[in-house]
Amino acid sequence: MGNKAVKQHFETAQKTGVLKISQMRLQEFPSPLKQFPNCLKTLDISENRFTSLPPELGKFTLIKSLNVSGNRIEALPEVLGLLIKLETLNACNNMLKHISPALGKLKNLKQVNLSNNQLTEFPSMFCGLENIDVLDVSRNKITSVSAEVRDFHGVELNMNQNQVASLSEELATCKRLKTLRLEENCLQISAISPRILKESVICNLAVDGNLFSSKQFTEVDGYDAYMERYTAVKKKLF
């Protein structure tokens with residue numbers, strides 16, 4: 001990225017609060033960003049070659065939207081916990097293996113996209129966030145959903161294309177969870193707790209591509225209760 005292009009992007013960002021420096025083959029943060037005033041509300045550094053996020057990112061406490069997708073980042077560091085106004089985090093298509101528990105401080109988070117990474121554990125640090133709507137952790141290597149999920153406040157949880165073999169029945173206590181996507185995982189029919197079907201508010205449970213047939217799913221205790229919710233929602237849409 002030439003100096004002229006850098007200057008133009010940063011001059012615009014000072015006026016608009018929006019800095020987009022995507023698809024520029026960057027491997028490290030441009031030096032102007034390290035001295036940049038705390039005025040950014042949107043930062044897009046997607047589709048570059050970053051392997052990590054610098055400590056300087058923590059000074060941009062006004063950021064509401066952060067897009068770091070399409071890089072080679074292996075961890076979401078503790079410094080992100082300082083971005084207290086953050087509402088949208090897109091870190092899909094990276095090489096993430098670790099997420100700092102500090103991200104559990106981001107009380108304003110609404111949308112989190114961590115799809116297509118290398119995560120092996122369910123990111124429970126997002127479970128206590130009351131404003132979260134959607135958490136997408138599809139296309140990772142997660143093997144189970146722990147009991148901590150009881151505190152998940154989201155409306156949608158996407159775990160398609162992982163390696164999930166066990167589900168905590170505490171999913172039944174998620175008060176806002178309407179859509180649960182679990183397609184193409186490693187679930188046996190015994191992993192689908194009747195409690196999830198009977199007591200939850202889930203009305204869209206996607207489980208195709210697991211280790212059981214559609215017929216087996218229809219025979220699980222509680223399936224009829226789930227279908228009542230599913231049908232009621234469909235009727236509202238038409």
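**Exercise 1. Find out how Glu-169 is placed and which residue pairs with Glu-169 in a salt bridge.**

Start with the surface: Glu-169 is partly exposed, with a relative accessible area of 38%. Keep in mind that this is a predicted model.

Next, look for a partner. Glu-169 makes a salt bridge with Arg-195, and their closest N and O atoms are 3.3 Å apart. That falls inside the cut-off, which asks for a Lys or Arg side-chain nitrogen within 4 Å of a carboxyl oxygen of Asp or Glu.

Then locate both ends. Glu-169 sits in the loop between β11 (166–167) and β12 (179–181), while Arg-195 belongs to helix α3 (residues 194–199). The pair links distant parts of the chain, 26 residues apart.

**Exercise 2. Follow the salt bridges onward from Arg-195 to Glu-199.**

First, take the distance: the closest N and O atoms of Arg-195 and Glu-199 are 3.1 Å apart.

Second, compare positions. Arg-195 and Glu-199 are four residues apart in helix α3, so about one helical turn separates them. Glu-199 counts as exposed, at 51% relative accessibility.

Finally, widen the view: a network of salt bridges links Arg-150, Glu-169, Glu-170, Arg-195 and Glu-199. The structure holds eight salt bridges.

**Exercise 3. Decide whether Lys-215 and Glu-219 are buried or exposed, and give the distance of their salt bridge.**

Lys-215 has a relative accessible area of 57%, and Glu-219 has 55%. Exposed means over 50%, so Lys-215 is exposed and Glu-219 is exposed too. In their salt bridge, the closest N and O atoms are 2.4 Å apart.

**Exercise 4. Work out what the aromatic pair of Phe-10 and Phe-36 ties together.**

Begin with the count: there are seven aromatic pairs in the structure. In one of them, Phe-10 and Phe-36 meet edge-to-face, 5.4 Å centre to centre with 65 degrees between the planes. Phe-10 lies in helix α1 (residues 3–16) and Phe-36 in the loop between α2 and β2, so the pair ties together parts that are 26 residues apart in sequence.

Now check burial. Phe-10 is buried at a relative accessible area of 6%, and Phe-36 is buried at 5%.

Turn next to Tyr-226 and Tyr-230, a tilted pair with 6.2 Å centre to centre and 45 degrees between the planes. Both lie in helix α5 (residues 223–237), four residues apart. Tyr-226 is buried, at 4%, whereas Tyr-230 is partly exposed, at 29%. Ring pairs join these two with Phe-212, Phe-217 and Tyr-223 in a cluster.

Note on methods
Residues are numbered from 1 along each chain as its sequence is written. This is a predicted model: local features need pLDDT of at least 70, side-chain atom pairs count only at pLDDT 80 or more; totals for chains, interfaces and linings use all residues. Side-chain values use heavy atoms; hydrogens and water are left out. Rings of Phe, Tyr and Trp (its six-membered ring) pair if their centres lie within 6.5 Å; planes under 30 degrees apart count as stacked, over 60 as edge-to-face and the rest as tilted. Helices (H or I, at least four residues) and strands (E, at least two) are DSSP runs, numbered from the N terminus. Buried means under 20% relative accessible area, exposed over 50%, partly exposed in between (1.4 Å probe, protein chains only).
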